[in-house]
Amino acid sequence: MKRSPWTALVLSLALALGLTACGPTQQPEPADTDSAAQPADTQPDNSPAADPSLTQLQTTLSGKNAPFGIAFLGNLSQGGDWKDLLAETGYLEIHPFLADIPADQVVTYEGTEVYCVVPRDQETALTVQTCLCGDDGQPIPQDTLYQGTGQPVILVCNVSDIIPNVMVTVTPPGGSPATYAPCLSLCDGSVALPSDAAIYDFSLYETLPATPTEADFLGTWRATETLEGEKVLGELDFQADGTMTYRVGSPESEWIDNLEGTWYVIGQSSQYPAGSVLFELRSTMDPQTPDFWGVFTLEIQGKDLVVTHVSGDPLFYGYDGKTITYSPY
């Protein structure tokens with residue numbers, strides 16, 4: 001079937017980096033001040049000048065054989081300062097050393113996400129570089145923004161929700177370098193950690209009620225919008241097992257594309273409204289169609305389903321940030 005001009009636009013949205021697998025967020029364990037055996041070459045700095053809270057955290061990192069620790073401190077508001085986040089989120093009460101990080105250990109690049117990276121000990125080297133995302137989803141290092149040894153660093157980065165723009169390389173003395181591009185899981189807003197590295201997450205996460213197993217938007221919904229002078233029909237179908245379909249077509253003809261995947265209610269996030277829903281979809285009709293992901297708020301108003309685009313791919317091309325009303329079908 002010949003596709004109309006708007007179809008190519010609808011289907012041209014590309015996802016350059018796959019999402020981290022969704023799952024329950026693990027709360028960071030409390031710092032272990034009585035860790036017994038520590039490798040001789042990874043002892044934390046116990047000098048009088050070292051902040052006790054930093055020494056305690058590095059002791060925990062050594063006990064867990066983690067090359068470094070990372071925490072997500074929050075998102076900057078326009079014109080905001082990263083130190084304002086510390087009091088708001090309670091980090092200063094548990095990690096007072098954050099208040100004393102000097103300006104030359106603050107790396108500011110493009111974006112609003114704020115992280116703290118702490119090397120395991122005073123001999124561990126830390127490098128921060130800008131990066132691009134390769135075709136395989138792996139970061140490609142570019143310019144060097146920071147080089148140091150043993151000191152915690154604040155990172156301000158990431159314009160995109162799905163593509164990190166900085167890469168951290170941590171090299172312990174006599175050991176192999178560990179690389180990581182800091183980013184957040186779209187499922188729950190926690191730090192997205194790689195499965196093949198023992199990175200310690202010391203973020204403070206708000207404990208929220210469990211996500212309900214039932215949703216009031218289950219069922220099939222349809223909406224018609226006008227794109228480039230043509231009527232476009234969109235159909236959403238949500239199942240109780242967390243699967244869904246999204247079909248696109250013309251009101252007068254067959255479906256042009258059919259996407260299948262999953263929906264997931266975001267339980268906790270510093271980026272998205274409470275109860276936002278993540279769509280992860282793949283075309284079943286055209287393998288060349290890029291995978292789809294998007295974050296939306298879904299609200300029942302009367303008999304209708306009101307869907308508002310928050311982030312990622314919109315359901316209709318050009319409808320970024322817009323609200324669409326779907327009727328039951």
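A salt bridge is a side-chain nitrogen of Lys or Arg within 4 Å of a carboxyl oxygen of Asp or Glu. Arginine 247 and glutamate 235 fit this description, with their closest N and O atoms 2.5 Å apart. Since arginine 247 belongs to strand S12 and glutamate 235 to strand S11, the pair ties together parts that are 12 residues apart in sequence. The model examined here is a predicted one, and this contact offers a friendly way into it.

Glutamate 235 has a second partner. Arginine 222 also forms a salt bridge with glutamate 235, and here the closest N and O atoms are 2.6 Å apart. Arginine 222 lies in strand S10 and glutamate 235 in strand S11, so this pair ties together parts that are 13 residues apart in sequence. Arg222, Glu235 and Arg247 are thereby linked in a network of salt bridges. Glutamate 235 is buried because its relative accessible area, 5%, falls under 20%. Arginine 222 is partly exposed, at 23%, and arginine 247 is likewise partly exposed, at 25%. Side chains of opposite charge can pair when their charged atoms come close.

In total, the structure holds 4 salt bridges. One of them joins the side chains of aspartate 121 and arginine 120, at 3.8 Å from N to O. Aspartate 121 counts as buried, with 0% relative accessibility, and arginine 120 counts as buried at 7%.

The strands that carry the network belong to a barrel. Eight strands close into this barrel in the order S10-S11-S12-S13-S14-S15-S16-S17, with antiparallel pairing. Neighbouring strands of the sheet are turned by 35° against each other on average, direction ignored. Towards the end of that order, strand S16 (residues 304-312) pairs with strand S17 (residues 323-328) over 4 bridges, and valine 307 has isoleucine 324 in S17 as its bridge partner.

The largest nonpolar core has 27 residues, and those with the most contacts inside it are Phe238, Phe279, Leu315 and Tyr326. Strands S10, S11, S12, S13, S14, S15, S16 and S17 each give two or more residues to this core. Leaving aside neighbours within four places in sequence, phenylalanine 279 is in contact with residues including Phe238, Trp263, Phe296 and Leu315. In soluble globular proteins, nonpolar side chains tend to be buried together.

Another antiparallel pairing involves strand S4 (residues 125-133) and strand S5 (residues 139-149), which are joined over 8 bridges. Within this pairing, tyrosine 146 in S5 is the bridge partner of valine 128. S4 and S5 form a hairpin with 5 residues between them, and glycine 137 in the turn has a positive phi of about 85°.

Note on methods: Residues numbered from 1 in each chain as written. Predicted model: local features only at pLDDT ≥ 70, side-chain atom pairs only at ≥ 80, totals over all residues. Heavy atoms only, no water. Pairing = 2+ DSSP bridges. Axes fitted to C-alpha atoms, helices over the stretch in contact; angles between N-to-C directions. Core = buried A, V, L, I, M, F, W, Y, C linked by side-chain atoms within 4.5 Å. Buried < 20%, exposed > 50% of the residue type's maximum accessible area, 1.4 Å probe, protein only. Contact = heavy atoms within 4.5 Å.
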